[in-house]
Amino acid sequence: MSHIVQIQTEIRDPVAIHAACQRLKLPPPVQGEFQLFNSTATGWAVQLRNWRYPVVCDVKTDQLAYDNFEGRWGDCRELDRFLQGYAVEKAKLEARKQGHTVREQPQEDGSIRLKIQAGGAV
């Protein structure tokens with residue numbers, strides 16, 4: 001039986017944050033307190049491509065802190081790629097924890113289809 005679901009992502013898993021960074025060939029995330037333009041944020045900092053300041057993921061509150069000055073200091077598409085990568089990696093981690101097999105299929109429109117087979121065989 002086939003089911004299509006949409007996932008609303010909450011950034012709460014440091015392992016999935018690391019996996020998303022690896023997937024996108026970004027530097028590993030770093031935990032701590034980070035300076036943005038005129039504020040500080042605490043959490044896991046992810047340095048997106050060509051962004052002046054990091055995106056800081058607070059896994060306790062599911063809040064993202066960043067300053068891209070309405071796109072002048074960082075392209076929002078890079079943030080979208082990170083969020084998509086996180087969602088894919090988190091879904092794969094959870095499926096595998098339950099003993100399922102996961103197959104990933106990139107789509108022409110940039111979306112990603114995951115096929116998850118219960119019991120291990122895709």
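1. A word on terms before we start: a salt bridge here is a side-chain nitrogen of Lys or Arg within 4 Å of a carboxyl oxygen of Asp or Glu. By that rule, the side chains of lysine 92 and glutamate 89 form one, with an N to O distance of 3.5 Å. Please keep in mind that this is a predicted model.

2. Staying with that pair, how far apart are lysine 92 and glutamate 89 in helix α2? They sit three residues apart, which means that about one helical turn separates them. Both partners are buried: lysine 92 is, and glutamate 89 is as well.

3. Now the overall fold. The chain has two helices and six strands, and their order along the sequence is α-β-β-β-β-α-β-β. The C-alpha trace spans about 50 × 30 × 20 Å along its principal axes.

4. On packing and surface: the chain has 122 residues, and 34% of them count as buried. Among contacts with a separation of 6 or more, 40% are between residues 24 or more positions apart. The exposed area of the chain is about 8,100 Å², with carbon and sulfur atoms supplying 48% of it.

5. Charges deserve a look too. There are 16 positive side chains and 15 negative ones, and the centres of the two sets lie 6 Å apart. Across the whole structure, a search finds twelve salt bridges.

6. One of these that you may like to bring up on screen joins the side chains of aspartate 13 and lysine 90, at 2.8 Å from N to O. This pair links distant parts of the chain, 77 residues apart: aspartate 13 belongs to the segment before α1 (14-23), while lysine 90 lies in helix α2 (residues 76-97).

7. Are the two partners buried or partly exposed? Aspartate 13 has a relative accessible area of 13%, so it counts as buried, the limit being under 20%. Lysine 90, at 24% relative accessibility, counts as partly exposed.

8. Lysine 90 has another partner in glutamate 94, and their side chains meet in a salt bridge of 2.8 Å, N to O. These two residues are four apart in helix α2, so about one helical turn lies between them. Glutamate 94 is partly exposed, with a relative accessible area of 28%.

9. Which residues are joined into one network by salt bridges that share partners? They are Asp13, Lys90, Glu94 and Lys97. When you view the structure, it may help to display these four residues together.

Key: Residues are numbered from 1 along each chain as its sequence is written. This is a predicted model: local features need pLDDT of at least 70, side-chain atom pairs count only at pLDDT 80 or more; totals for chains, interfaces and linings use all residues. Side-chain values use heavy atoms; hydrogens and water are left out. Buried means under 20% relative accessible area, exposed over 50%, partly exposed in between (1.4 Å probe, protein chains only). Contact means heavy atoms within 4.5 Å. Accessible areas come from the Shrake-Rupley method with a 1.4 Å probe; for residues, only the protein chains shown count as cover. Lys and Arg count as positive and Asp and Glu as negative; His and the chain ends are not counted. The place of a charge is taken as NZ of Lys, CZ of Arg, CG of Asp or CD of Glu.
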